[in-house]
Amino acid sequence: KHTSNLVFKSSNLTFVLEKYPNTPMSHKEILQVIQRERLKEISGTSPLACLNAMLHTNSRGEEGIFYKVPGRMGVYTLKVGGHAPH
């Protein structure tokens with residue numbers, strides 16, 4: 001039976017990316033900061049997959065709060081003022 005206590009909140013991800021504003025990060029790097037800062041208790045079998053899905057979902061369209069860095073697979077940054085960084 002698969003059980004998971006893993007739900008990433010956008011506020012946790014926003015905190016990580018705001019803490020390192022000029023550093024685009026991969027989902028692996030973001031997860032390391034979340035664990036190091038103890039922002040979320042991580043359990044379950046696939047935290048990277050859950051985190052990656054959350055980032056992907058929240059980087060699509062005008063309302064997305066994260067920006068996928070072009071040419072860098074799985075690397076994200078926080079949108080500045082609702083727009084992609086320049």
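What percentage of the 86 residues in the protein chain is buried? In this predicted model, buried residues account for 34% of the chain.

**Overall architecture**

The secondary structure consists of three helices and three strands, arranged along the sequence in the pattern α-β-α-α-β-β. Of the contacts in the chain with a separation of 6 or more, 49% join residues 24 or more positions apart.

**Confidence**

The mean pLDDT of the protein chain is 81, with 83% of residues reaching 70 or more. The elements at the two ends of the confidence range are listed below.

| Element | Mean pLDDT | Rank among the elements |
|---|---|---|
| H1 | 83 | lowest |
| S1 | 93 | highest |

Over residues 1–5, pLDDT stays under 50, and the model has seven contacts beyond four places in sequence for this segment.

**The sheet**

The three strands form an open sheet in the order S1-S3-S2, and their pairing is antiparallel. S1 (residues 25–26) and S2 are the edge strands, each of which pairs on one side only. S1 and S3 run antiparallel and are joined by two bridges; Met 25 stands opposite Tyr 76 of S3. Helix H1 lies across S1, S2 and S3, and runs at about 90 degrees to S3.

**Helix H3 and its partners**

Helix H3 spans residues 47–57, and its residues Pro 47, Leu 51, Met 54 and Leu 55 are buried. These residues lie on the same side of H3, because they cover an arc of only 100 degrees around the axis. The buried residues of H3 pack against two helices, H1 (10–19) and H2 (27–36), and against two strands, S2 (66–68) and S3 (75–78).

**The nonpolar core**

In soluble globular proteins, nonpolar side chains tend to be buried together. Here the largest nonpolar core comprises 14 residues, and Leu 13, Ile 30, Leu 55 and Phe 66 have the most contacts inside it. At least two residues of this core come from each of H1, H2, H3 and S3, and H2 gives the most, with four residues.

Which residues does Ile 30 touch, not counting residues up to four places away in sequence? Ile 30 touches Leu 13, Val 16, Leu 17, Met 25, Leu 51 and Leu 55. Two of these partners, Leu 51 and Leu 55, are among the buried residues of H3, while Met 25 is the residue that stands opposite Tyr 76.

Key: Residues numbered from 1 in each chain as written. Predicted model: local features only at pLDDT ≥ 70, side-chain atom pairs only at ≥ 80, totals over all residues. Heavy atoms only, no water. Buried < 20%, exposed > 50% of the residue type's maximum accessible area, 1.4 Å probe, protein only. Arc of directions from axis to C-beta. Contact = heavy atoms within 4.5 Å. Pairing = 2+ DSSP bridges. Axes fitted to C-alpha atoms, helices over the stretch in contact; angles between N-to-C directions. Core = buried A, V, L, I, M, F, W, Y, C linked by side-chain atoms within 4.5 Å. pLDDT = per-residue confidence, 0-100.
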